[in-house]
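Got your viewer open? Let's take a walk through this one together, one selection at a time.

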Amino acid sequence: MPRRSKDALSWRLYAQIIECQFGRVVVASTQAGICYCGFVKDHIGALDELRKRFPSAIVVETPCHGVSATWHEMVRVAFTNRFQGDIPLDLEVCSTVFQRRVWNALCQIPFGTLSTYGKIASDIGAPGASRAVGTAIGKNPVACIIPCHRVICSNGQIGNYHWGSDLKRALIEWEQSVLR
DNA sequence: GAGTGCGTATAAG
DNA sequence: CTTATACGCACTC
């Protein structure tokens, strides 16, 4: 598959807003898979986020069709029931090898369990790079699908979260309540 | 090159 | 238990 960069020629981004128990979520996909999924305040905020993250993309808001519609429906279900890892992702846009290695490690954390920044660093063969891992996790473009909320500090503190630590806590508690 | 950030281990208050 | 400090590394400008 061709490697895209944010400086490449314009390309289409299919966007849709989903309402879930944790708030409003914008989902965006390319022809290859979901490339963004994040919590937003409102419609304007969603567009701002997408334009900022993917400056060269043409954002298409018309109702999705074809595979995009299928993927978005999978995300909607994931957010209302239980997050599963079999949703096609397109993370090649604006990301580094290190980041993708971190994100891949996050996908190995089972639903309802927790890990730490330091452990993830060791898992990907970069012991001591916990802070770099934190930064990479913070750039995770697909909330919950790549479960960055399952990583906390080694001392048990909640740690930071791109979309707010209260939301992180809520996601962790919800996962654990589902398992009970 | 210098500055930054979703960390960690250690030591002291 | 909380705060301070030194160290860590990928990334950005």
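Start by selecting H5: this helix (DSSP run of H or I, at least four residues, numbered from the N terminus) gives the largest share of the surface near DNA strand B, seven residues. "Near" means that a heavy atom of the residue lies within 4 Å of the strand.

Before moving on: this is a predicted model, where local features need pLDDT of at least 70, side-chain atom pairs count only at pLDDT 80 or more, and totals for chains, interfaces and linings use all residues. Residues are numbered from 1 along each chain as its sequence is written, chains are lettered from A and ligands numbered from 1 in the order written, and side-chain values use heavy atoms, leaving out hydrogens and water.

Now add H4 (117-123), which, like H5 (130-138), supplies at least two residues of that surface. Next, show the 15 residues around DNA strand B; Gly-118, Gly-138, Ser-154, Asn-160 and His-162 come nearest. Sugar and phosphate make up 52% of the strand's atoms that come within 4 Å of the protein.

Zoom in on Gly-138: one of its backbone N or O atoms sits 3.1 Å from a base nitrogen of DNA strand B. At Ser-154, a polar backbone atom is 2.9 Å from a phosphate oxygen of DNA strand B.

Last stop: H2 (residues 66-80). Which of its residues are buried? Pick out Ser-68, Trp-71, His-72, Val-75, Ala-78 and Phe-79; buried means under 20% relative accessible area (1.4 Å probe, protein chains only). They sit on the same side of H2 because they cover an arc of only 115 degrees around the axis, taking directions from the helix axis to the C-beta atoms.

How values were computed. The expected span of a helix is 1.5 Å times one less than its number of residues. Buried means under 20% relative accessible area, exposed over 50%, partly exposed in between (1.4 Å probe, protein chains only). A polar contact is a pair of N or O atoms within 3.5 Å; within protein, one must be able to donate a hydrogen and the other to accept it, and residues adjacent in sequence count only if both atoms are side-chain atoms.
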